[in-house]
Amino acid sequence: MAYAVEHFRAVDAPSSPLGFEYVPTGQVDVVDAHDEAAAAAIALAGSEELELDVVSYDPGHNLYAVAGEDEAVRVTVR
């Protein structure tokens, strides 16, 4: 199945409870995967391989990310 993957970057936001917020980068990729989590892992991995269990999902923001990284993605069915 094809998924549209919108990329976000963390920026400092001192007024935010976490001290940062994600803003869209404008980059959108199309990824073929068997589900949303796999599409997120493919997009976040770049040129390296990434295991699904290191990708976390934030339902409040509808974003997938890897802890400690500045990048996040939003995945939607295309």
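**View 1. The pairing of E4 with E5 in the predicted model.** Strands E4 and E5 run antiparallel and are joined by 2 bridges; the structure shown here, as in every view below, is a predicted model. One pairing to look for is that of Ala-65, whose bridge partner in E5 is Ala-72. The two strands form a hairpin with 4 residues between them, and within this turn Gly-68 has a positive phi of about 85°.

**View 2. The pairing of E3 with E4.** Strand E3, which covers residues 55–58, runs antiparallel to E4, and 4 bridges join the two. Val-55 of this pairing stands opposite Val-66 in E4. Here too the strands form a hairpin with 4 residues between them, and the turn contains Asn-62, for which phi is positive at about 60°. Strand E4 is thus bridged both to E3 and to E5.

**View 3. The two faces of strand E4.** Which residues cover the one side of E4, and which the other? Leu-63 and Ala-65 lie on one side, Tyr-64 and Val-66 lie on the other, and all of these are buried, so that both faces of the strand are covered.

**View 4. The largest nonpolar core.** This core has 15 residues, and those with the most contacts inside it are Val-55, Val-73 and Val-75. At least two core residues each are supplied by strand E1 (2–12), helix H1 (36–45), strand E4 (63–66) and strand E5 (71–77). Helix H1 gives the most, with 6 residues.

**View 5. The surroundings of Val-73.** Val-73 is one of the residues with the most contacts inside the largest nonpolar core. When its neighbours within four places in sequence are left aside, Val-73 is in contact with Val-5, Glu-6, His-7 and Phe-8, with Ala-40, Ala-43 and Leu-44, and also with Asn-62, Leu-63 and Tyr-64. Among these partners, Asn-62 is found in the turn of the hairpin formed by E3 and E4, whereas Leu-63 and Tyr-64 are buried on opposite sides of E4.

**View 6. Ser-16 in the loop between E1 and E2.** Ser-16 is found in the loop that lies between E1 and strand E2 (20–32). Is this residue buried or exposed? Its relative accessibility is 13%, and because this value is under 20%, Ser-16 counts as buried. A polar atom of the Ser-16 side chain lies 3.1 Å from the backbone oxygen of Phe-20.

**View 7. Val-11 and its contacts.** Val-11 has its place in strand E1 and is partly exposed, with a relative accessible area of 33%. Leaving aside neighbours within four places in sequence, Val-11 is in contact with Gly-19, Phe-20, Glu-21 and Val-23. Val-11 and Val-55 are 44 residues apart along the chain, and their C-alpha atoms are separated by 20 Å.

**View 8. The whole chain, for orientation.** The protein chain has 1 helix and 5 strands, which from the N terminus on follow the order β-β-α-β-β-β. Its radius of gyration is 12 Å, close to the 12 Å given by the globule rule for 78 residues, so the chain is as compact as a globular protein of that length. Along its principal axes the C-alpha trace spans about 40 × 25 × 25 Å. Of the 78 residues, 31% count as buried, and the chain exposes about 5000 Å², of which carbon and sulfur atoms supply 50%. Among contacts between residues at least 6 apart in sequence, 49% join residues at least 24 apart.

Terms used. Residues numbered from 1 in each chain as written. Predicted model: local features only at pLDDT ≥ 70, side-chain atom pairs only at ≥ 80, totals over all residues. Heavy atoms only, no water. Rg over C-alpha atoms; globule rule 2.2 N^0.38 Å. Buried < 20%, exposed > 50% of the residue type's maximum accessible area, 1.4 Å probe, protein only. Contact = heavy atoms within 4.5 Å. Areas by Shrake-Rupley, 256 points an atom, 1.4 Å probe, with all protein chains shown as cover. Core = buried A, V, L, I, M, F, W, Y, C linked by side-chain atoms within 4.5 Å. Polar contact = N/O pair within 3.5 Å; in protein donor to acceptor, adjacent residues only side chain to side chain. Pairing = 2+ DSSP bridges.
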